[in-house]
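Here's a quick tour of a protein chain, going through its salt bridges, its sheet and its helix packing. Have the viewer open as you read.

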Amino acid sequence: MATSRRQALGVFLVGALMASGISGLLRQRGGGLETRPMTAVPGFRYLSSGTLSGARPDPFFGLDGAAPRPRGNLADLFTAPQSTGQVPVAAFSDYNCPYCRVLTKLVIEEADTGTIAVTWHELPLLGPNSVIAARATLAAGLQDAYLPFHQRLMKSRFRPNAAYLETVADGLGLDPERLLRDMEGPQVTARLEASAGLANLFGIYGTPALVVGKTLVLGEIKRRDLRRLIRMEAE
C-alpha cells in the first residue's frame, strides 16, 4: 500500500512539473500578455500593466488656454523617423513620476538596439513643477537636444527655477536664454496640447504610458514583457 501511494505521489509530482513547464512555456511565448480592444480608438488595443503615478483625470493640466479640449490627432502619435522593421513607440511621461524614470531607461535601451522608433510625449500631470520641466525639455528639443535634456531631468531631482534650467542648458551646450524664451513659445505649447489631446483620446490618466505599435500600455511594464510586446507587434 505504501509503495502504491509513493508511486501515485510520484506520478502526481511529474504531472505537476510538466504542467508547470507547459504553463511557463506559454507565458514565455506571449500567452501572459492579455489585451482588449479599445472602442474609443478602433484598431488599437490596451494592456493594463503595472503601477501608475498621478492618475489625474485632466491631461490638460497646466494648459490654461487649451479649451475646447480636443481628443487628439493620431497623426501626432508617431512622428519619429522609422526604419524598415522598427516598431513605432509613443512614450508618455512626467518628470515627477518615479516609474517613468525606470521605463524611460528601458525604452532608451531598447531604442539603442534598433528595434523601435520612439516618439516622446510630455504629459505633466503632477503639478506646476512637472509643467515647467516638460516645457523646458520641449524647448531644448528646438535646439536638437530633447533626449539629452530629458535624460538629465529624469536622472536628477528637478528644481523649477531659471538658474537651474540655465545650468542644465549650458552643460549641454545650449543657449540658455533662448531655452527660457522658447519655453513659453507657441511651438512648445502646441506640442503639449497635441500630447494632451492624445492622452485624452486614449484615456491615459496617469504616467508612465506607452503605445507600442497598436497596443496601449498603462503603467509599469517589465523588460521581458516590453520585449515580448515589441516582438508581437513586429509580427
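Is Arg 178 buried, partly exposed or exposed? With a relative accessible area of 31%, Arg 178 comes out as partly exposed. Keep in mind that this is a predicted model.

## The Arg 178 and Asp 182 pair

Arg 178 has a salt-bridge partner in Asp 182, with N to O at 3.0 Å. Both residues sit in helix 6, which covers residues 176-183, and they are four residues apart, about one turn of the helix. Asp 182 has a relative accessible area of 17%, and the cut-off for buried is under 20%, so Asp 182 counts as buried.

What else does Asp 182 touch, once residues up to four places away in sequence are set aside? The answer is Ala 139, Leu 142 and Val 188.

## Helix 3 against helix 6

Two packed helices are described by the angle between their axes and the distance between the axes. For helix 3 (residues 128-141) and helix 6, the axes come within 8 Å and cross at roughly 120 degrees. That makes helix 3 oblique to helix 6, and the crossing is right-handed.

On the helix 3 side, the contact is made by Ile 132, Arg 135, Ala 136, Ala 139 and Ala 140. Helix 6 brings Leu 179, Asp 182 and Met 183. Asp 182 therefore has two roles to look at: it is part of this helix contact, and its side chain meets Arg 178 in the salt bridge, with Asp 182 itself counted as buried at 17%.

## Other salt bridges

How many salt bridges does a search of the whole structure find? It turns up six. One of them joins the side chains of Arg 45 and Glu 233, at 2.8 Å from N to O. Arg 45 belongs to strand 2 and Glu 233 to helix 8, so this pair ties together parts that are 188 residues apart in sequence. Arg 45 is partly exposed, at 25% relative accessibility, while Glu 233 is buried, at 18%.

Glu 109 and Lys 105 make another salt bridge, with their closest N and O atoms 2.6 Å apart. Here too, the partners are four residues apart in one helix, about one turn: helix 2, residues 98-112. Glu 109 is partly exposed at 26% relative accessibility. Salt bridges with shared partners also link Lys 105, Glu 109 and Arg 223 into one network.

## The sheet

Now for the strands. Six of them form an open sheet in the order 1-2-6-5-3-4, with mixed pairing. Strand 1 (36-37) and strand 4 (116-122) are at the edges and have a single partner strand each, so one side of each is left without a neighbour in the sheet.

Strand 3 (residues 87-93) runs parallel to strand 4, and seven bridges join the two. If you want a spot to zoom in on, Val 87 stands opposite Ile 116 in strand 4.

## Helices across the sheet

Which strands does helix 7 lie across? Helix 7, residues 186-202, lies across strand 3, strand 4, strand 5 (209-212) and strand 6 (215-218), and runs at about 100 degrees to strand 4.

Helix 8 (residues 223-234) lies across strand 2 (45-48), strand 3, strand 4, strand 5 and strand 6. Its direction is about 30 degrees to strand 5. Helix 8 also holds Glu 233, and strand 2 holds Arg 45, the two residues whose side chains meet in the 2.8 Å salt bridge.

Conventions
Residues numbered from 1 in each chain as written. Predicted model: local features only at pLDDT ≥ 70, side-chain atom pairs only at ≥ 80, totals over all residues. Heavy atoms only, no water. Pairing = 2+ DSSP bridges. Contact = heavy atoms within 4.5 Å. Axes fitted to C-alpha atoms, helices over the stretch in contact; angles between N-to-C directions. Salt bridge = Lys/Arg side-chain N within 4 Å of Asp/Glu carboxyl O. Buried < 20%, exposed > 50% of the residue type's maximum accessible area, 1.4 Å probe, protein only. Parallel < 35°, antiparallel > 145°, perpendicular 65-115°, else oblique. Left-handed = near helix turned anticlockwise from the far one by under 90°.
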